[in-house]
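This report takes up a single chain and follows its helices, their packing and a few chosen side chains. Please keep the sequence and the model in view while reading.

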Amino acid sequence: MPALATTHPRAVTAPERKPLARGAVAGLMLLSSLLLCGALGAVVGALTGAVGIFLALGIFVGFVVGIAAVRARFPDL
């Protein structure tokens, strides 16, 4: 009786491909967090009378939040 050749199941299947739009999604996540936090900062600034300072603070916080969100969603980018 001839010996049967065994193949590994992963060798038969094609490797998983990553979606092509990952960079666009990451950029939109970063941009949306910048805009959202900047708008929230502007609203808080309008209520307190210091729009410029709170707008700048909101944009900075939005950048940090956006980077954290992108790193959490796409750890290999």
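Is Arg22 buried or exposed? In this predicted model, Arg22 is buried, with a relative accessible area of 16%. Because the cut-off for a buried residue is under 20% relative accessible area, the value of 16% places Arg22 in that class.

**Overall architecture**

The secondary structure of the chain amounts to 3 helices and 0 strands, and reading along the sequence gives the pattern α-α-α. Of the 77 residues in the chain, 16% count as buried. The chain exposes about 6300 Å², of which carbon and sulfur atoms supply 74%. Among the contacts with a separation of 6 or more, 63% are accounted for by residues 24 or more positions apart.

**Helices α2 and α3**

Helix α2 covers residues 22-48, and helix α3 covers residues 51-73. For α2, with its 27 residues, a rise of 1.5 Å a residue predicts a span of 39 Å, and the end C-alpha atoms are indeed 39 Å apart, which agrees. For α3, the corresponding expectation for 23 residues is 33 Å, while the end C-alpha atoms are 32 Å apart, which also agrees. After α2 comes Gly49, whose phi is positive, near 95 degrees.

The buried residues of α2 are Arg22, Ala26, Ser33, Cys37, Gly38, Gly41 and Gly45, and what covers them includes α3. In α3, Gly58, Gly62, Gly66 and Val70 are buried, and the buried residues of this helix pack against α2.

**Ser33 and the packing of the two helices**

What does the side chain of Ser33 reach? Ser33 sits in helix α2 and counts as buried at 11% relative accessibility; its side chain reaches the backbone oxygen of Gly62 at 2.9 Å. Once neighbours within four places in sequence are left aside, Ser33 is in contact with Gly62, Val65 and Gly66. Of these partners, Gly62 and Gly66 are listed among the buried residues of α3, whereas Val65 belongs to a nonpolar surface patch.

Two C-alpha separations describe further pairs of residues. The C-alpha atoms of Ile67 and Ser33, which are 34 residues apart along the chain, are separated by 9.0 Å. Those of Gly23 and Val70, 47 residues apart along the chain, are separated by 9.8 Å. Gly23 is found in helix α2 and is partly exposed, with a relative accessible area of 49%, while Val70 is one of the buried residues of α3.

**The Arg22 and Asp76 pair**

Side chains of opposite charge can pair when their charged atoms come close. The structure holds 1 salt bridge, in which the side chains of Arg22 and Asp76 meet at 2.6 Å, N to O. Arg22 lies in helix α2 and Asp76 in the segment after α3, so the pair ties together parts that are 54 residues apart in sequence. Asp76 counts as partly exposed at 44% relative accessibility, whereas Arg22 is buried. Apart from neighbours within four places in sequence, the contacts of Arg22 are with Phe74, Asp76 and Leu77.

**A nonpolar patch on the surface**

Which residues make the nonpolar surface patch of about 600 Å²? Leu57, Phe60, Val61, Phe63, Val64, Val65 and Ile67 make it up. Two of these residues can be placed individually: Val61 lies in helix α3 and is partly exposed, with a relative accessible area of 37%, and Ile67, also assigned to helix α3, counts as partly exposed at 35% relative accessibility.

The table below collects the relative accessible areas of the residues discussed above.

| Residue | Relative accessible area | Class |
|---|---|---|
| Arg22 | 16% | buried |
| Gly23 | 49% | partly exposed |
| Ser33 | 11% | buried |
| Val61 | 37% | partly exposed |
| Ile67 | 35% | partly exposed |
| Asp76 | 44% | partly exposed |

Taken together, the buried residues of α3 pack against α2, the side chain of Ser33 reaches the backbone oxygen of Gly62, and a salt bridge joins the side chains of Arg22 and Asp76.

Notes. Residues are numbered from 1 along each chain as its sequence is written. This is a predicted model: local features need pLDDT of at least 70, side-chain atom pairs count only at pLDDT 80 or more; totals for chains, interfaces and linings use all residues. Side-chain values use heavy atoms; hydrogens and water are left out. Helices (H or I, at least four residues) and strands (E, at least two) are DSSP runs, numbered from the N terminus. Buried means under 20% relative accessible area, exposed over 50%, partly exposed in between (1.4 Å probe, protein chains only). Contact means heavy atoms within 4.5 Å. Patches are made of residues with over 30% relative accessible area and no salt bridge: like charges are joined within 9 Å, nonpolar side chains (Val, Leu, Ile, Met, Phe, Trp, Tyr) within 5 Å. Accessible areas come from the Shrake-Rupley method with a 1.4 Å probe; for residues, only the protein chains shown count as cover. A salt bridge is a side-chain nitrogen of Lys or Arg within 4 Å of a carboxyl oxygen of Asp or Glu. A polar contact is a pair of N or O atoms within 3.5 Å; within protein, one must be able to donate a hydrogen and the other to accept it, and residues adjacent in sequence count only if both atoms are side-chain atoms. The expected span of a helix is 1.5 Å times one less than its number of residues.
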